[in-house]
Amino acid sequence: MEPWVSFFASYFEDREGAERWILKCEGHGLAKIMMHQTQRLISLADDLPRIRPHEECLQLVFFLICAEHISKLAMAMTDKVSLGII
């Protein structure tokens with residue numbers, strides 16, 4: 001769980017809040033995928049300036065891919081909830 005907590009902790013008031021949220025996500029298939037993909041894609045985007053300096057467009061592509069992916073998963077989750085599957 002440490003990689004996830006390290007990544008998401010700055011978005012919460014305290015580390016325990018991040019841990020609680022991560023445990024909730026881990027218990028739900030699509031939420032878990034969304035959390036993992038967000039961490040992977042944003043981490044890659046954050047590393048790009050060191051790998052390809054002055055390629056801000058490439059970094060932006062990773063942010064957009066992440067946003068689109070999470071949006072599609074969120075819509076899939078909403079559809080399952082409205083159909084009573086979740």
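**View 1. Phe12 and Trp21, a ring pair in a predicted model.** Phe12 is partly exposed, with a relative accessible area of 28%. The model shown here is predicted. Trp21 is also partly exposed, at 31% relative accessible area. How many aromatic pairs does the structure hold? There are 4. In one of them, the rings of Phe12 and Trp21 have their centres 5.6 Å apart. Their planes meet at 45°, so this pair is tilted.

**View 2. The aromatic cluster.** Which residues do the ring pairs link? Phe7, Phe8, Tyr11, Phe12 and Trp21 are joined into a cluster. Phe7 and Phe8 appear again in View 3, among the contacts of Thr38.

**View 3. Thr38 and its surroundings.** Thr38 sits in helix α3, which covers residues 29-51. Is Thr38 buried or exposed? Thr38 is buried, because its relative accessible area is 19% and the cut-off for buried is under 20%. Set aside the neighbours within four places in sequence, and Thr38 is in contact with five named residues: Phe7, Phe8, Ser43, Cys66 and Ile70.

**View 4. Helix α2 along its length.** Helix α2 runs through residues 15-26 and has 12 residues. From first C-alpha to last, α2 reaches 16 Å. That is close to the 16 Å expected at 1.5 Å a residue.

**View 5. The two faces of helix α2.** Which residues of α2 are buried? They are Gly17, Ala18, Ile22 and Cys25. These residues cover an arc of only 130° around the axis, so they lie on the same side of α2. The face turned away from this buried side carries Arg20, Leu23 and Lys24, which are exposed. What do the buried residues of α2 pack against? Their partners are α1 (2-8) and α3. Helix α3 is also the helix that holds Thr38, the residue of View 3.

**View 6. Two cysteines, Cys25 and Cys57.** Cys25 is one of the buried residues of α2. Its relative accessible area is 7%. Cys57 is exposed, at 61% relative accessibility. How many disulfides does the structure hold? The count is 0. Another cysteine, Cys66, is in contact with Thr38.

Note on methods. Residues are numbered from 1 along each chain as its sequence is written. This is a predicted model: local features need pLDDT of at least 70, side-chain atom pairs count only at pLDDT 80 or more; totals for chains, interfaces and linings use all residues. Side-chain values use heavy atoms; hydrogens and water are left out. A disulfide is a pair of cysteine sulfur atoms within 2.5 Å. Buried means under 20% relative accessible area, exposed over 50%, partly exposed in between (1.4 Å probe, protein chains only). Rings of Phe, Tyr and Trp (its six-membered ring) pair if their centres lie within 6.5 Å; planes under 30 degrees apart count as stacked, over 60 as edge-to-face and the rest as tilted. Helices (H or I, at least four residues) and strands (E, at least two) are DSSP runs, numbered from the N terminus. Contact means heavy atoms within 4.5 Å. The expected span of a helix is 1.5 Å times one less than its number of residues. The arc is that of the directions from the helix axis to the C-beta atoms.
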